[in-house]
Amino acid sequence: MLAINQLSIQFGSKHLFKNVSVRVHPGEKIGLVGVNGAGKSTLLKIMAQVKHVDDGVLTRSKNISIGYLPQEIASFAPGRSLFDEAKTAFAEALAIQKELDQVNQALGTVPPEAAGFADLLHRQGDLQHRLDQSDIFTMESQIERILLGLGFSQSDFGKDSISFSGGWLMRLMLAKILLAKPDLLLLDEPTNHLDIESLTWLEEFLKNHRGAMVMISHDRAFLDNLTTVTWEISLGDLTVYKGNYSKYLVDKANRMIIKRAAYENQQAMIEQTMKFVDRFRSKATKATQVQSRLKQLDKIEMIELDETENTIAFRFPPSPPSGRTVLEVEDMSKQFGGQPVFRDLSFTLQRGEKLAVLGVNGAGKSTLVKILAGLITPDSGAIRFGHNVTISYFGQHQAQELDSRYTVLETLSHVNNELSVTQTRSLLGAFLFRGDDVDKKVGVLSGGEKSRVALAKMIATPANLLILDEPTNHLDIQSQEVLQEAMRQYDGSIIVVSHNRYFANSFVGKVLEIKGGHGTIFDGNIDYYLHKTHAEAASTPQKKTAAPKTQPGDSPTPEKQAKKGKDSRKLQADLRQQKTREIAPLKKIVAQSEQEIEQLEGRKTQLEQAMADPVLYQDQDRFAELNNEYTTLGKRLKKIYADWEQAQAGIEEIEARLGEADVEG
C-alpha cells in the first residue's frame with residue numbers, strides 16, 4: 001500500500017539514509033526504532049508527504065488515506081468548541097450530507113417531467129450510497145467515546161479548543177486522526193502526553209484498528225503490545241525484523257554475533273593486506289601485487305557496527321545512610337483557586353522502597369512531588385522526613401535553571417566532585433552526550449538536551465531519596481534502559497511520576513494512585529496495579545446485571561429449559577474467559593519471578609562458595625565488593641519472593657472465585 005524506493009539523504013559526510021527501500025503492507029503494525037537522530041521522524045514525514053523527496057522514491061496505492069500525528073502541535077481555529085473541532089474529522093461525510101440535503105430540497109421543487117429531474121435523482125442515489133458507507137450516523141457517539149477515552153471530560157466538550165494546553169491539543173489531534181479511520185496511521189510518539197489510563201485505552205483501541213500502522217515510541221511496553229514488525233534505522237540503513245520490540249532485540253543480538261564476527265574477519269584481512277603493502281611497496285618486483293591488493297581493498301564494502309554496539313553502563317554511588325522510615329505523609333490536602341487537588345492524603349515510605357505515583361492528567365501527581373520537594377506548600381497535613389534523609393529532585397523547570405556559561409561536563413563536575421571524569425562521562429553517555437558533546441556550552445543546547453543534562457545533574461547529586469517527574473520524556477529506549485537498570489540497583493528510595501509502564505515497572509514495588517482527590521496504595525509493581533484495577537473494573541458490570549430470580553410456581557417449558565441451558569453454558573464460558581484474562585498477568589509475574597529467582601540463587605551459591613575461601617579475606621577490597629553484592633542480592637531475592645508469593649496468592653484467589661464458580665443450569 002506504500003513503498004519507499006532507494007531513498008538516500010546525506011548531510012555532509014553523514015548518511016541519514018543510504019539507498020533505503022521498504023514496503024508497508026495492509027494490516028501491518030510496524031514499530032520504527034533507532035537511536036535519537038537516526039532519522040525516524042524524517043522517514044515518517046516522508047511517508048506522510050510532509051517532507052518531499054524525488055519522484056519515484058515514494059509510491060502509494062490509489063485512494064489510500066493516511067493519518068499522520070507529528071510531535072509538533074498543530075494550530076486550531078479559535079471559536080470552535082472541542083466537540084465541533086473533533087467533528088471536522090468527518091468533514092467529507094458532512095459535505096456529502098449537506099449536498100444531499102440540497103439535492104433533496106431541489107427534488108421537491110422540480111417537476112418529474114423536467115429535463116434535470118433524472119439527473120437529480122441519480123445524484124441523490126449516488127450521494128445516499130456514499131453517505132451510507134460513512135460513519136456519520138454514529139458520529140456523535142464515536143466522538144464522545146474517543147474524547148472520553150483520551151482523557152477529556154463531558155464538561156470539556158463545549159470549551160473553545162484553543163483554551164487547552166499543548167498536551168491536551170496533542171490529544172485532540174490524535175482524536176481527529178482516530179475518528180477519520182485512515183488506511184495507514186503514522187504516529188510519532190503518540191504516548192508522550194498521555195497518562196497511564198489514557199495510554200492503556202489507546203493501546204486497546206489500536207489493537208482493534210484494521211488499517212496499517214507505523215509508529216515511533218519510546219514506550220517499550222506500548223511497542224511490545226501492538227507491533228508485529230520492527231524497522232530499525234541505524235547508520236543510514238533500515239533493517240526489517242519480524243515481531244515486536246522484544247523479539248527484535250533477540251533477533252538483533254543473534255544477527256550482531258554474526259555481523260561482529262564478519263567485521264572482525266574483515267578488519268583482520270585489511271590489516272594483513274596493509275602489512276603486505278607496507279612491506280613490499282618499495283620493491284619493483286612486487287609492484288603489481290601491491291596495486292592488485294590495494295584495488296581489492298577499494299572494492300570491499302566496509303562493514304560498520306551499529307551505534308547501539310557502544311553500550312553504556314552506569315551505577316549510582318552508594319546513597320548516604322538514613323533512618324528506617326524515609327517519609328511520612330499524613331492527612332495532606334491541597335487546592336488551587338478553590339478547587340481541591342487532593343485531600344487527606346496519607347502514606348509512608350521506608351528505606352529502599354521505590355514508589356510510582358499514578359493517576360490521570362490533572363489528578364495532582366506533579367503537585368504532590370513538588371510539595372515533597374519543598375517547591376509548593378500544602379494547605380494542611382503533615383510531612384515528616386526521616387533521619388538524615390537528603391532529597392534530589394527532577395522536574396521540568398530544572399532545565400531552565402541550568403547555567404548557560406558552563407559546558408555539559410563542567411555542569412556535572414560542579415555537582416559532585418567525588419565522581420571521576422570517567423564516571424561523569426559514563427553518566428553523560430547514558431543521556432546521549434558522547435565524545436565532544438560533553439564540551440558543548442549549555443546555552444547552545446536544545447530544550448530536550450537541557451532536560452537530559454538536568455536529569456544527569458539530579459542523578460549525580462548525592463542523595464538517598466530521588467523524586468522524579470516524568471524522567472524519560474527525552475530519552476530513547478536504550479538510554480531509558482540504562483537509567484532503569486541503575487534505578488533498580490539503587491539502594492536509596494525513589495518516588496517517580498511516569499506514564500512509561502515498562503520503565504518504572506522493573507524497579508518500583510509500591511504504587512500510589514491519586515484518583516478523585518484521594519490516594520490509594522497498592523503493594524506491588526505497575527503490572528500488579530493494572531491487573532487489580534482492571535479486574536475491579538471488569539467485575540463491576542457483572543454486579544449490575546444479575547439475573548432475575550425465578551418466581552415460585554413458575555413451570556419452565558422445554559423451550560425455556562433449553563434457553564436456560566444455553567445461557568448457563570454462555571455464562572460458564574464468560575467466567576472461563578474472565579478467569580484467563582485475570583490470571584494471565586499474574587502468571588507472567590510468577591514466570592518472571594521464578595526465572596530471576598533461579599538466576600539469583602545461582603549467583604548466591606557462587607558468592608557463598610567464594611566467601612567460604614579463607615584466602616579471600618587477605619584481599620579486603622575484594623571481600624568488601626563480594627559482601628556488598630551478597631547483601632544487595634539478598635534484598636533483591638526477598639523482594640522477588642514477595643512478588644512471587646503475592647502473585648500466587650492472587651491466582652489462588654481468582655481460582656477460588658471463578659474456577660470453582662457454580663452456575664445454576
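A crossing of two helices is left-handed if the near helix is turned anticlockwise from the far one by less than a right angle. Keep that in mind as we walk through this predicted model, since the handedness of two helix pairs will come up along the way.

Let's begin with the pair formed by helix H6, residues 166-180, and helix H7, residues 196-207. Their axes lie 13 Å apart and make an angle of about 15 degrees. Angles under 35 degrees count as roughly parallel, and H6 and H7 are therefore roughly parallel to each other. H6 passes H7 in a left-handed crossing. On the H6 side, the contact is made by Arg171, Leu174 and Leu178, while H7 contributes Ser198, Trp201, Leu202, Phe205 and Leu206. Sorted by class, the residues in the contact of H6 with H7 are 6 nonpolar, 1 polar and 1 charged.

H7 also packs against helix H5, which covers residues 139-149. Here the axes are 9 Å apart, at an angle of about 135 degrees, and that makes H5 oblique to H7. Arg145, Ile146 and Gly149 of H5 meet Ser198, Trp201 and Phe205 of H7. The contact of H5 with H7 has 3 nonpolar, 2 polar and 1 charged residues. If you look back at the H6 side, you will find Ser198, Trp201 and Phe205 listed there too, so it is worth displaying these side chains when you inspect H7.Earlier in the chain, helix H3 (residues 91-107) packs with helix H4 (residues 117-133). What angle do the axes of H3 and H4 make where they cross? They cross at roughly 150 degrees and come within 9 Å. The cut-off for roughly antiparallel is over 145 degrees, and H3 and H4 are therefore roughly antiparallel to each other. Their crossing is left-handed. From H3, the residues in the contact are Glu92, Ala93, Ile96, Gln97, Glu99, Leu100, Val103, Asn104, Ala106 and Leu107. They meet Phe117, Leu120, Leu121, Arg123, Gln124, Leu127, Gln128, Arg130 and Leu131 of H4. By class, the contact of H3 with H4 divides into 11 nonpolar, 4 polar and 4 charged residues.

Now let's step back to the whole chain. It holds 20 helices and 18 strands, and 42% of its 665 residues count as buried. Among contacts with a separation of 6 or more, 70% join residues 24 or more positions apart.

Two strand residues give a local view of such a chain. Ile30 sits in strand E3, residues 29-33. Is Ile30 buried or exposed? Its relative accessibility is 0%, which means that Ile30 counts as buried. Leaving aside residues up to four places away in sequence, Ile30 touches Val24, Met213, Val214, Met215, Thr227, Val229 and Trp231. Leu186 is 156 residues from Ile30 along the chain, with 9.6 Å between their C-alpha atoms.

The other strand residue is Leu466, in strand E15, residues 465-469. With a relative accessibility of 2%, Leu466 counts as buried. Beyond residues up to four places away in sequence, Leu466 touches Phe316, Ser392, Met458, Tyr490, Ser493, Ile494 and Ile495. The C-alpha atoms of Leu466 and Ala373 are 9.7 Å apart, with their positions 93 residues apart along the chain.

For a loop residue, turn to Lys286, placed between helix H9 (245-280) and helix H10 (287-299). Lys286 has 25% relative accessibility and therefore counts as partly exposed. From Lys286 to Phe276 the C-alpha distance is 9.9 Å, for a sequence separation of 10 residues.

Backbone angles add another detail. Gln6, in strand E1 (residues 2-11), has a positive phi of about 50 degrees although it is not a glycine. Asp344, in strand E11 (residues 339-350), is also a residue other than glycine with a positive phi, near 50 degrees.

Finally, a word on confidence. The mean pLDDT of the chain is 82, and 89% of its residues reach 70 or more. Over residues 542-564, however, the pLDDT is below 50, and this stretch has 3 contacts in the model beyond near neighbours in sequence. Residues 660-665 also stay under 50, and the model gives them 10 contacts beyond four places in sequence. Where pLDDT is low, the predicted coordinates should not be read in detail.

Note on methods. Residues numbered from 1 in each chain as written. Predicted model: local features only at pLDDT ≥ 70, side-chain atom pairs only at ≥ 80, totals over all residues. Heavy atoms only, no water. Axes fitted to C-alpha atoms, helices over the stretch in contact; angles between N-to-C directions. Helix = DSSP H or I, 4+ residues; strand = E, 2+ residues; numbered from the N terminus. Parallel < 35°, antiparallel > 145°, perpendicular 65-115°, else oblique. Contact = heavy atoms within 4.5 Å. Nonpolar A, V, L, I, M, F, W, Y, C, P; charged D, E, K, R; others polar. Buried < 20%, exposed > 50% of the residue type's maximum accessible area, 1.4 Å probe, protein only. pLDDT = per-residue confidence, 0-100.
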